[in-house]
Amino acid sequence: MRIDGKGLIDRRKPISFRFDGQRYDGFAGDTLASALLANDIRLMGRSFKYHRPRGVLTAGSEEPNALVTTGLGPAQEPNVRATTLELYEGLMARSQNRWPSLGFDLMAVNDLAAPFLGAGFYYKTFMWPKAFWEKIYEPVIRNAAGLGALSGEANSDKYEKAFAHCDLLVIGAGPAGLWAAMEGARAGLDVILCDEDTQPGGRLNAETETVGGMAGAEWAASVVAELRAMGNVRIMTRTAVIGAYDGGTYGALERLAPEVAQRPGAARECFWRITAGQAVLAAGAIERPVAFRNNDRPGIMTAGAVRAYLNRWNVTAGRNIAVYGNTDEAHRSVRDLQAAGLHVSALIDARPHATCDLDVPFFAGAEVSNAEGRQALEAVEIRTAKGVEKIRAECLAMSGGWNPNVHLTCHMGGRPVWDRDIAAFVPQPGAVPGLHVAGAARGVFDTAGCLADGRRAARAALEALGRKAAEVDLPEAETARYDIWPVWAVPGKGRAWLDFQNDVTVKDVRQAAVENFRSVEHMKRYTTQGMATDQGKNSNVAALAVLADATGRGIPETGTTTFRPPFVPVSIAALGAGAQGKGFAPQRFTTSHDASVARGAPMIEAGLWYRPSYFPQAGETHWRQSCDREVQMVRRAVGVSDVSTLGKIDIQGPDAGAFLDMVYTGMFSTLKEGRVRYGLMLREDGYVMDDGTTARMGADHYVMTTTTAAAGQVMRHLDFVHQCLCPQMDVRFISVTEQWAQFAVAGPKARDLLTELLGADQVDLPFMGCGAVRIDEIDARLFRISFSGEAGYEIAVPARYGAALFERLCEMAEARDGGPYGMEALNVLRIEKGFITHAEIHGRVTAKDIGMGGMVSAKKDCVGKPMAARPGLSEDLREELVGLRPLGEIKELPAGAHLFDEGAEAMAENDQGYVTSSCYSPSCESVLALGFLKNGRARHGERVRLVDHLRGVDTICEVQDPVQFDADGGRMRD
Amino acid sequence: MRITCPLCGARDRREFYYSGAAVALDRPAPEAGAEVWDDYLHNRDNPAGVTRDMWYHELGCGSWVVVTRNTVSHEVIGTALARDEKGRGA
């Protein structure tokens, strides 16, 4: 029900919304929870296990009951807390975990079966038959229990991630946080002030206190205005800091305001990583409920929430309100309610010594022992020394005291400390380096104390930063003594709820203790107390107090469960913002990309690069047709292929040759200028890391190529060898992969083509020669190297000319019955020639395994050479690179298949090797494969059995030399 | 976690590639023998406490950095360029 008052809602801006299909009205500034209460809706959800009717318990992000689903289809979002959901025009929210409706839920029958559904029920009941668990029990349980559901469709909303840096991060904008930010800002620090609420102010927005001579909320607004005007403070509302991490890094989730999030293309949430020199945690405290029989009836709320709804949103859950508490907070609630003209039917103060100066039926040393009404509270039962009395109430404001929000101080292994005076856990000092805790988060519960504590924390941060504090006068504020009489669970029959969200009762925790789940961590897992979206924010301390009592230990000995990030739920979509679909990894495009796509080439991923698979021509309906044609085109005429994705590293300096001698097995310091050499690179453990060609462009200038796959690894390795092993060498290198576009021109007509392009003089290079050339006015490089086995060249131009050169090369090739070829043909060409890729040099092969043992120079040391000489790596019985051709009926030699002796059983013990690459070779008119076979080089001509259990292939093939086409290499040289 | 690159300043650890113990700086002579090489390549301490390891500022300047840090508290105690550590005969 809405009442008169001057809260923080804007009555000039009515907003209509729907809840379970019904239309209601609220105001700007309302949350869904306050707007529902304004419309006399107290029943907002059904509980997890028993489907008990539930209403809103709190007014903050800790809400366990009032969870709703918003949006439809891909935008459906479950478990949204009605207490933090800002009302906006057209909002459609639905209640959860009920069928057919919130008011009439068939599954509420679970509540009648409650005696059988206690702690550990699933574990004890659904033991057998074993097969039933997965097929019957689990699906039924999942259907009956639970909260909201996802749509199953890909999320269509946009999320963002962002990074921020500051000198001082202040977490929480209540009095302590606002004042800490003020002290930091006045001292000249770069300050970020985060608060999860829509408005800074914290409890000041919910109370009727005065600060600095004005209403608390007004004072907060004036401080915010002052901070904003200073220019060195960034105020982030709707931003919950969810975790503390190493090195002053904090994670934060920003929910954008509905009017912002609804703009086209706008994100709905942003995940921040904030790096702060120092931080102040002023996250406040959460009020705890008291466990008594039926304390979960809709209308029973924490006292602080009742005041927040009253003072901030001008709503109440009933006209007759009872107040139950164990501190002076209860009295404050009565004062506020009476001032608003509401009827307080009773003030029940658990403290036997309490006195009362208010005009209200007062019960000291009393307790609430039961609540009546099923879908909404009707009356409460009060037990005093004199007996039991029933009092009419549609709303009960209860308070069991406050728990400081210590969460972030525990994210790096800190354990909170029990403070007897306030009957609560407080942060362990220094638990997170650079994080100073202030205000209610440290157990300081009055406003004047919070302001002073905010100052103290800010000044500690300033000192750590080596900055001087500014002189700022503290505003006047109310002081109060926090006098608490701990009450956790009211004794008596029936079920008293501790954890509303997971339906865990006092009895469940006691049951866990009886069954010897005495550790708080075991109790949690056995009863499910403290799980799900609220992570036990309302219930953890009370639950462990009950456990402590049941096990005869004190609360500090019992201890808490581990607090882990995130403080509030964070959607995976926000954490992984930007990484959906194409955002998953960066995309790298070659200069010929557009031309390849225009020619209809399907592009395939090669690491982060995209390369053309093949270039289909009219009439070709299968990739193999295109691939076979392209292979024959290269073998008979000329083909053009973009090889820019290969890593290119420019190496210069007087010691460039000596440096290459160290990283390659072969000798490069003796390579003549204008010549190219094939190089093999080893890891220090003796296995092959990568291969490629390196050209000597000048006396002190080499250009290395790496494989596409290992370009980054090789760059890192070169930096390691130079900086960590040979820092004395005078050499410098840099990756120029993206600076040069490079194209292979291969085939019998390659020379003719390049002669037209460059003139006969420039093309006149020996096999494995290189040199600078000019195309028109452009400086280019020409290498006579071949990865196809044909007479071939690679021509490199600065990347900005790549697109133009590719088009020109294609046209010139097409004029010679040639054209572009893709990755499929490139792969066939190299398999025919026995050239290796990372399919072969997969990290477990040595130079000798691939037939290149002779390339390890005896004249010098190099990385990997000492270990390559180990007996295990140099013995004869290792698996060696071979070629394979099918002999039997089955013409498949799939990569991944294993090799066995003919007649041997196909089992691991008999394994002789495996296939690494396979293709159909139009040149040899046969399927060909490369693979590794034990002692393979000595077995050319033998028959071996090939088995692929996965694809069901079992055939016989012949072992061959890996080079199965043009064995003497004559085609490349002439 | 933040690592201070001696050249670039304090950076998020995501900019760095981690490779392992700073033992990697002490490459043995080729003829040092199997045991010495085995230690260099494979045998590592796993301290609960201070450790020195190699980080490569891959998304930055390309420096190999020796980071001294505490595996228990995650405190980064100090950083130095590998080439400088090498010069000191580390």
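**Chain A: its contact with chain B, two annotated spans, two sheets**

Let's start with the interface: 18 residues of chain A are in contact with 20 residues of chain B. Keep in mind that this is a predicted model.

Which elements of chain A give two or more residues to the side that touches chain B? Helix 19, residues 711-725, and helix 24, residues 865-868. Helix 19 of chain A gives the largest share, six residues. What about the chemistry on the chain A side? Seven of the residues there are charged, five are polar and six are nonpolar.

Next, the annotations. Both come from UniProt, and both from an unreviewed entry.

Take residues 167-293 of chain A. UniProt labels them "domain: FAD/NAD(P)-binding". In the model, this span is 37% strand and 24% helix. The C-alpha atoms at its two ends are 50 Å apart.

Now residues 493-578 of chain A. Here the UniProt label reads "domain: SoxA A3". The make-up of this span is 43% helix and 6% strand. Its end C-alpha atoms lie 53 Å apart.

On to the sheets. I have two from chain A.

One is an open sheet of five strands. Read across, the order is 2-1-7-5-6, and the pairing is mixed. Which strands sit at the edges? Strand 2, residues 22-28, and strand 6, residues 77-81, of chain A; each of them pairs on one side only. Between neighbouring strands of this sheet, the turn is 40 degrees on average, with direction ignored.

Look at the strand 2 end of that order. Strand 1 of chain A, residues 10-19, runs antiparallel to strand 2 of chain A, and seven bridges join them. To find the register, go to A:S16: its bridge partner in strand 2 of chain A is A:D25.

The other sheet has three strands. This one is open as well, with mixed pairing, and the order is 31-33-32. Strand 31, residues 588-589, and strand 32, residues 603-606, of chain A are the edge strands. Each pairs on one side only.

How many bridges hold the pairing of strand 31 with strand 33 of chain A? Two, in the parallel sense, with strand 33 covering residues 609-612. For a landmark on screen, use A:R588, which stands opposite A:W609 in strand 33 of chain A.

To recap the interface: helix 19 of chain A brings six residues, the largest share of the side that touches chain B.

Technical notes
Residues are numbered from 1 along each chain as its sequence is written. Chains are lettered from A and ligands numbered from 1 in the order in which they are written. This is a predicted model: local features need pLDDT of at least 70, side-chain atom pairs count only at pLDDT 80 or more; totals for chains, interfaces and linings use all residues. Two residues are in contact if their C-beta atoms, placed from the backbone, lie within 7 Å. Helices (H or I, at least four residues) and strands (E, at least two) are DSSP runs, numbered from the N terminus. Ala, Val, Leu, Ile, Met, Phe, Trp, Tyr, Cys and Pro count as nonpolar, Asp, Glu, Lys and Arg as charged, and the others, Gly among them, as polar. UniProt positions are given in the numbering used here, feature names are shortened, and annotations may be inferred rather than shown by experiment. Two strands pair if DSSP finds at least two bridges between them. Axes are lines fitted to C-alpha atoms, for helices over the stretch in contact, and angles run from 0 to 180 degrees between N-to-C directions.
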